[in-house]
Amino acid sequence: MDQTDLALAAQRRGNDEEAAVLYRAAFDFERKAARALTEKLDAEPTRSILHRSAATLALDCGQHREAEVLICEALRGTPPPGIADELRDLLEQVYFRRHLDLRGVTLSETEVQMSIAGKAVGYGIAPVGAFIPRINDAERLMYRTAERLSNLPFRTSGRVTAAILNTIELFSTVPRAASFAVSFRVGHSTQMQLEGIGSLGEETIDNLFECLELFNKGDQDQLKHRIPQEEYFNNFVALARNIGPDGEEVNLVGFTATRRGVQRTVSLTGETFEAWAFAPDLAMAALKTTADPDRDAKLRGFLKEADSRDSKRGKIHVVDAEGTSHGVVVPPGMMTDIVKPLWESEVEIIGTRKRSAIHLTSIRPVKTQTKT
C-alpha cells in the first residue's frame, strides 16, 4: 500500500518512470502475499482479495500475462460472488489491453487506433449504432483539440476552418479485428508520405491522450487546468462520455498511439464516469449560477427544438411521453457537437432543476430494441 501511494504521488507529479518502478515494487509485494495463500482455498475472502489486488497492480505495470494468471488462480478457489464478478470484469480488462496492443499493426507518429469491446462486439464485428457514433465523436474531439491548441475561439457554428484541415485532416482505415478497431490518420492527403507531418497534428495526439487519461481518472481539477476555457472543457467532457462505454453494448473503449517510438494507451472503462455523468456543481459553475443538490432532474422524451442564439448558453425543449414540453438550458460548448446531432431523437436528460428550467449535465439517445 505504501508503494502504491508513492506511485500515485509520482504519477500526479508527472514522473511516469518513477511511478512504474514503484508500481512494480507494490506488485511484487502483493504477488508474494497472494502466493502465500495459493493452496489455502478456504482462506476466503482474503485469498481472492489478495489475488485481485495483485492482478490489478500487474495490469498497472503492463504485466498482462501475470494479471491473467493471478485472476484465474483466484477463480480456481471459492471467492465470494461479488469478488468473483469483480475478477471476471478485471479479466475482461486484461483481454482488452491485449487487444489494444498493436499486434501486427504499425502506427505512424500521426496515427491513433480506437478499439471497442463488449457484449455486443465480436472479433472484427460490431453493431453500427455502437461504433459509427463513436467514430464521429472521436473525429469531433480531435478537431476541437486542434482548434483549442491553435487558440481559436470555440466554434459554435460552421465547419472546421481550412487552416486546421490543411494540417490535421483525418483519414480512417478499414475496420479490423482487435475486438473491433479502426485507426485515424492525422495529416493531409498531399502529405501522407511525409514523416512527422504537421507539429499541430502530433501535439493534438499528445494533448488528447493526456486529457483522456485525466478524464478516465475523474480528475476534474487537473483536466480543468489543462482545458481552462469553459466551452472547450464542457465539450471535451461531453464527447469523452459519448465515446466511452455505455455498460450495455460496449464495456471498454481504448485508444492506442505510438509516440516517439513508445506505445501509449488509454482505456475508458466507465469506472469513473459517474463523476462526470452527474456533476451539477460543474455544470452550474459554467452557467454562473448556484446548483441545488436536492433538485436533481432526470427526463426522457423527444428533442423537438434547439436554440443556440445565445452565445454563452443554448436552450432546448424536450417533449415527454405525456406531451409536456420541458425547457432545458445547455452549458457552453455542448450545443453544436452534443445536442444538435440528436435533433428529433428520443433522449435521456440528466441535470439540475433551477427555477423553471433544467440545467443540462448529460444527454444521451435512448437505445431502441432493434439492432442493426
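Let's start with two helices, α6 (128-149) and α10 (230-243), because each of them supplies at least two residues of the lining of the second largest cavity. Helices here are DSSP runs of H or I with at least four residues, strands are runs of E with at least two, and both are numbered from the N terminus. A cavity is a set of points on a 1 Å grid over the protein atoms alone where a 1.4 Å probe fits but cannot get out, and lining residues have an atom within 4 Å of a point.

Please keep in mind that this is a predicted model: local features need pLDDT of at least 70, side-chain atom pairs count only at pLDDT 80 or more, and totals for chains, interfaces and linings use all residues. Residues are numbered from 1 along each chain as its sequence is written, and side-chain values use heavy atoms, with hydrogens and water left out.

So how many cavities of 30 Å³ or more does a search of the whole structure find? There are 2. The second largest has a volume of about 40 Å³, where volume is the space filled by probe spheres set on the points, with grid points joined across faces, edges and corners. Its lining includes Leu 141, Arg 144, Tyr 232 and Phe 236. Helix α6 gives the most, with 4 residues.

Now let's follow α6 over to the sheet. Five strands form an open sheet in the order β2-β3-β1-β4-β5, with antiparallel pairing; two strands pair if DSSP finds at least two bridges between them. At the edges are β2 (170-172) and β5 (262-268), each pairing on one side only. Neighbouring strands are turned by 20° against each other on average, direction ignored. Axes are lines fitted to C-alpha atoms, for helices over the stretch in contact, and angles run from 0 to 180 degrees between N-to-C directions.

Inside this sheet, β1 (residues 111-117) and β4 (residues 252-259) are joined by 6 bridges, and Ser 115 stands opposite Gly 254 in β4. Helix α6 packs on the sheet, touching β1, β2, β3 (181-186) and β4, and its direction makes about 145° with that of β1. Contact means heavy atoms within 4.5 Å. Helix α8 (residues 199-217) lies across β1, β3, β4 and β5, running at about 40° to β5.

One last stop, further along the chain: antiparallel strands β9 (residues 346-354) and β10 (residues 357-365) are joined by 8 bridges. Ile 349 has Ile 363 in β10 as its bridge partner. The two strands form a hairpin with 2 residues between them, and Arg 355 in the turn has a positive phi of about 60°.

Conventions:
1 Å grid on protein atoms, 1.4 Å probe; cavity = no way out; pocket = protein on both sides within 12 Å on 5 of 7 lines; lining within 4 Å.
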